[in-house]
Amino acid sequence: ISIVIMCTIGTGHLTSQIVTFAAIFATFVCVWALIRVYRVGIRELRRLESLTKSPFLAYFAELTSGVSVIRAFSAEERFLRGADQLCDDANRVFFYLWATNQWLRTWMSIVSSGVTLSCVAAVLWQAHALSGGT
């Protein structure tokens, strides 16, 4: 980006400077809007993750401390089903957390592609005014 800024400022064309700075400003606005939306969702998902992980960890601690009683009453299957259900609930939230991170990654890639496109367009627009250093 700095090369594009230097090239457009160096040519002295007001229109190319305005286009370059508008593209940079639009990029900052897009990133700010994405982060603002992302923060709200990720905060709630992290809260849900801790809420679903806590019962699973408590259940596991009780399961390990009472394993002799569970075996005495032959209730292994029932307790394993309960642990599987709690594990599935915790993993469901983790999947949504992962999907939200992928959403942000995709949109940041789209924004960075837009920046690249605007940089290339600015350089090509000023190709006639740029010299190879001679």
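1. G41 is partly exposed, at 28% relative accessibility. This is a predicted model, and in it G41 sits in helix α2. The C-alpha atom of G41 is separated from that of L97 by 8.9 Å. Along the chain, G41 and L97 are 56 residues apart.

2. L97 also belongs to the largest nonpolar core. That core has 7 residues: L34, Y38, I42, L45, L97, L104 and V111. Two elements, α2 and α4, each give two or more residues to this core. Helix α2 provides the largest share, 4 residues.

3. Look next at Y38, one of the core residues. Leaving out residues up to four places away in sequence, Y38 touches T100, N101, W103 and L104. Among these, L104 is a fellow member of the core. W103 instead helps to make a nonpolar surface patch.

4. Which residues make the nonpolar surface patch? They are V37, W103, W107 and I110, and the patch covers about 380 Å². Helix α4, residues 76-125, gives the largest share, 3 residues. W107 lies in that helix. W107 has a relative accessible area of 39%, so it counts as partly exposed.

5. Is E49 buried or exposed? E49 is buried, because its relative accessibility is 15% and the cut-off for buried is under 20%. It lies in helix α2, which spans residues 14-65. Setting aside neighbours within four places in sequence, E49 is in contact with V93, F94 and L97. L97 therefore appears again, since E49 touches it and the nonpolar core includes it.

6. E49 also takes part in a salt bridge. Its partner is K53, with the closest N and O atoms 3.5 Å apart. The two residues are 4 apart in helix α2, so about one helical turn separates them. K53 is partly exposed, with a relative accessible area of 38%, whereas E49 is buried.

7. How many salt bridges does the structure hold? There are 3. Side chains of opposite charge can pair when their charged atoms come close. Another of these bridges joins R47 and E44, at 2.9 Å from N to O. R47 and E44 are 3 residues apart in helix α2, so they are separated by about one helical turn. Both ends are partly exposed: R47 is at 41% relative accessibility and E44 at 39%.

8. Helix α4 carries a salt bridge too, between D89 and R92. The N to O distance is 3.0 Å. D89 and R92 are 3 residues apart in the helix, which means about one helical turn between them. D89 has a relative accessible area of 23% and is partly exposed. R92 is partly exposed as well, at 43%.

9. Now the aromatic rings. The structure holds 3 aromatic pairs. In one of them, the ring centres of F95 and Y96 are 5.9 Å apart. Their planes meet at 55 degrees, so this pair is tilted. F95 is partly exposed, with a relative accessible area of 49%. Y96 is partly exposed at 44% relative accessibility.

10. What links F95, Y96 and W98 into a cluster? Ring pairs do. L97, between Y96 and W98 in numbering, is part of the nonpolar core.

Conventions. Residues numbered from 1 in each chain as written. Predicted model: local features only at pLDDT ≥ 70, side-chain atom pairs only at ≥ 80, totals over all residues. Heavy atoms only, no water. Patch = residues over 30% accessible without salt bridge, like charges linked within 9 Å, V, L, I, M, F, W, Y side chains within 5 Å. Areas by Shrake-Rupley, 256 points an atom, 1.4 Å probe, with all protein chains shown as cover. Salt bridge = Lys/Arg side-chain N within 4 Å of Asp/Glu carboxyl O. Buried < 20%, exposed > 50% of the residue type's maximum accessible area, 1.4 Å probe, protein only. Contact = heavy atoms within 4.5 Å. Phe/Tyr/Trp six-rings, centres within 6.5 Å; stacked < 30°, edge-to-face > 60°. Core = buried A, V, L, I, M, F, W, Y, C linked by side-chain atoms within 4.5 Å.
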